[in-house]
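Please show the structure that this exchange concerns.

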Amino acid sequence: MAVPFEIEPYEILGVNNEATPVEIKKSYYKLCLIHHPDKKSGSDSSNDEHFQKIQFAYSILSDSKRRKRYDSTGSLDDTALDEDGFDWKEYFETMKSQPVTEDLIEEDREKYKGSDEEKQDIIDALQFYEMDVPKLFEAIPHLEFDESEEERIFHLVTELVDSKQVETTNKWDKYKHNRKSFIKRQLRKLEKEAVEAEKLQKKLAKQKKADQDISTLQGLQSIIQAKQRSSNQKLDSLINKLETEEDAKVKSKRGKKRGTKRAAVPDIDEEEFQRIQAKLKR
């Protein structure tokens, strides 16, 4: 079956082509939380499609064979990626029945934190970044910076170094020396981001209220216009009725005037005329 989308997987997940598997996994989780259809309002089908593109990109980059084939060919067509008989339709049907939700990610977080899988991911990341500890908070899934998590990771890395599971470097020595300064910088950065996020949230709330007010005004305007149209129609109907009645009255009067005749004056002879005239004189 042909691939469902023509996309650039690294671009969709917001990582570069040198990203580690743990970086890809962490970016995937974050994007799922942001773009999950349940987080979107309305019935825009583009929301579901973008979420599927995220899943599709992750299915390519999280699989070492598919990622290697894509990196070497730059192609997403079925000949390059479906040699193993992978059924994309079945994959998306499975994702629909088991969608990545906030509850599912929280459950995964609880299982992952402190597990052997997390430990191995940290070892891999430390080797990849040459013991640059701050990078762990960018690369490791579910690992968000705060003082307690920094303390946990610091002790874990110390144990790994002491047990020679990872080799120490100048970056590790530098981190230990400047650790307090790093924590303070990170806390200030998080505080600043929180303030900016609060400002943005208030701005969005105001914009939403303004949009609602505009929508309400437009609704009231429509109601007023509808009432005006109805009143105008009633007034026009009344005027037409009165004009019709007035025309009927005028026509009726004209008809009566035309039908009236003068009384016929009877013919009289000269003798009768003289008699009437003499009578009037008396």
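The questions below concern the nonpolar cores and the largest pocket.

Guide: This is a predicted model, in which local features need pLDDT of at least 70 and side-chain atom pairs count only at pLDDT 80 or more, while totals for chains, interfaces and linings use all residues. Residues are numbered from 1 along each chain as its sequence is written, and side-chain values use heavy atoms, with hydrogens and water left out.

Visitor: Which helix supplies the largest share of the largest nonpolar core?

Guide: A nonpolar core is a set of buried Ala, Val, Leu, Ile, Met, Phe, Trp, Tyr and Cys residues joined through side-chain atoms within 4.5 Å, where buried means under 20% relative accessible area with a 1.4 Å probe, protein chains only. The largest has 26 residues, of which Leu126, Leu136 and Val157 touch the most other members. Helices 8 (116-128), 9 (136-139), 10 (147-162), 11 (170-177) and 12 (179-259) each give at least two residues to this core; helices are DSSP runs of H or I, at least four residues, numbered from the N terminus. The largest share, six residues, is that of helix 10.

Visitor: Which residues does leucine 126 contact, leaving aside its neighbours within four places in sequence?

Guide: Contact means heavy atoms within 4.5 Å. With those neighbours set aside, the partners of leucine 126 are Met131, Val133, Leu136, Val157, Leu160 and Val166.

Visitor: How many charged residues are in the lining of the largest pocket?

Guide: Asp, Glu, Lys and Arg count as charged, Ala, Val, Leu, Ile, Met, Phe, Trp, Tyr, Cys and Pro as nonpolar, and the others as polar. A pocket is an open set of points on a 1 Å grid over the protein atoms alone where a 1.4 Å probe fits, with protein on both sides within 12 Å along at least five of seven lines, and lining residues have an atom within 4 Å of a point. Lys26, Glu138 and Lys189 are among the lining residues. Besides five nonpolar residues and one polar residue, the charged residues in this lining number six.

Technical notes
Buried means under 20% relative accessible area, exposed over 50%, partly exposed in between (1.4 Å probe, protein chains only).
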